[in-house]
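Take a moment to turn the model around on your screen before reading on. Try to follow the chain with your eye and see what catches your attention.

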Amino acid sequence: MNIAIIPARGGSKRIPKKNIKPFLGKPIIAYSIEAALASGLFEQVIVSTDDEEIAEVSRQYGASTPFVRPENLSDDYTGTTPVVNHAIQWCQAQGWNIDYVCCLYATAPFITDAILQQGYQHLIENNKSYTYSVTSFAFPIQRAVKLLEDGRPIPFQPEMMPKRSQDLIEAYHDAGQFYLGTADAFLTGKHDTIATILPRYRVQDIDTLEDWYRAELMYQAIQDKG
């Protein structure tokens, strides 16, 4: 069976109650839950949380919360991997035969069922064990600069500054939406990876309130365009 796991702990500092904060009319986690359910890829869509309010909201939108995330996996320093692995191991302990796992972030309102289906097909067709979403940088990273203490800009790669942008290799970064692979790929950390490329207009990191407002404007623009 295939499962989706949405990590969503309580106690967000920069944006209080971030995972269930209303995003254009509904809790932001609802977008991830609904996309996972609509994709038809997963027998179970599980929210891993330590917070009963998050769990209740998640259940309202169709996800399951079959366990409470342990306290030692719910602090500010715990990464995504041990949280996902805990969920996989819990499912396996129930006797579930887990084939593919999708870690889907709770604050990814731009995710859609079509994007998840694209990632899954990309994974299968290329015979890989792991894929994750990436998008391109809007500006050539080869022309990045750093600022000295006196404010002077210094290029990281001075030799690249005279080159035309079309002659520079395009660079990509993690889009922070989903990680999809075999259960073994997650548990062992050993995987044959291929990237699933998303357009930049469907990617926005949400770490601050400024990010949040920008994401809402972007989402509204996509909806208005149809």
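Below we walk through the sheet, then the helices that pack on it, then some cysteines and one residue of an edge strand.

Keep in mind as we go that this is a predicted model. Let us begin with the sheet. Six strands form an open sheet with mixed pairing, in the order S4-S1-S5-S9-S6-S10. Its edge strands are S4 (44-48) and S10 (193-197), each of which pairs on one side only. If you look from strand to strand, neighbours in this sheet are turned by 25° against each other on average, ignoring direction.

The word "mixed" becomes clearer when we look at single pairs. Strand S6 (residues 130-136) runs parallel to S10, and the two are joined by five bridges. One place to find this pairing is Val134, whose bridge partner in S10 is Ile197. On its other pairing, with S9, strand S6 is antiparallel, over six bridges. Here you can look for Thr135, which stands opposite His173 in S9. Strand S9 also pairs with S5 in the antiparallel sense, over five bridges. In that pairing, Cys103 is opposite Tyr179 of S9.

Now for the helices. Helix H3 (residues 80-93) packs on the sheet, where it touches S1 (3-7), S4 and S5 (100-104), and its direction makes about 135° with that of S1. How far apart should the ends of H3 be? With 14 residues at 1.5 Å a residue, H3 should span 20 Å, and its end C-alpha atoms are indeed 20 Å apart. The buried residues of H3 are Val83, Val84, Asn85, His86, Ala87, Ile88 and Cys91. Among the elements that cover them are S1, S4, S5 and helix H5 (183-188). After H3 comes Gly95, which has a positive phi near 90°.

Helix H4 (residues 113-125) packs on the sheet too, touching S5, S6, S9 (172-182) and S10, and its direction makes about 65° with that of S9. The 13 residues of H4 reach 18 Å from the first C-alpha to the last, close to the 18 Å expected at 1.5 Å a residue. Which residues of H4 are buried? They are Ile115, Leu116, Gly119, Tyr120 and Leu123. Viewed down the axis of H4, these buried residues fall within an arc of 135°, so they line one face of the helix. A general rule helps here: an α-helix has 3.6 residues a turn, so residues three or four places apart point the same way. The buried residues of H4 pack against helix H1 (28-39) as well as S5, S6, S9 and S10. Just after H4, Asn127 has a positive phi of about 55°.

Helix H6 (residues 209-225) lets you try the same kind of reasoning again. Its 17 residues should span 24 Å at 1.5 Å a residue, which agrees with the 24 Å between the end C-alpha atoms of H6. Buried in H6 are Asp211, Trp212, Ala215, Glu216, Met218, Tyr219 and Ile222. These cover an arc of only 170° around the axis, which puts them on the same side of H6. On the other side of H6 you will find the exposed residues Glu210, Arg214, Leu217, Asp224 and Lys225. The packing partners of the buried residues of H6 are strand S2 (22-23) and H1.

Next, the cysteines. How many disulfides does the structure hold? It holds zero. Cys91 is in no disulfide, and the nearest cysteine sulfur, that of Cys103, is 13 Å away. Why is Cys103 without a bond? Its closest cysteine sulfur, in Cys102, is 7.1 Å away, which is too far for a bond. A disulfide here would need the two sulfur atoms within 2.5 Å. Is Cys91 buried or exposed? With 0% relative accessibility, Cys91 counts as buried. Cys103, at 1% relative accessibility, counts as buried.

Finally, let us visit Gln44, which lies in strand S4. Gln44 is partly exposed, with a relative accessible area of 25%. Leaving aside neighbours within four places in sequence, the contacts of Gln44 are Met1, Asn2, Ile3, Ala4, Ser64 and Trp96. Leu198 is 154 residues from Gln44 along the chain, and the C-alpha atoms of the two are separated by 25 Å.

Definitions and conventions
Residues numbered from 1 in each chain as written. Predicted model: local features only at pLDDT ≥ 70, side-chain atom pairs only at ≥ 80, totals over all residues. Heavy atoms only, no water. Buried < 20%, exposed > 50% of the residue type's maximum accessible area, 1.4 Å probe, protein only. Pairing = 2+ DSSP bridges. Helix = DSSP H or I, 4+ residues; strand = E, 2+ residues; numbered from the N terminus. Axes fitted to C-alpha atoms, helices over the stretch in contact; angles between N-to-C directions. Contact = heavy atoms within 4.5 Å. Expected span 1.5 Å × (residues − 1). Arc of directions from axis to C-beta.
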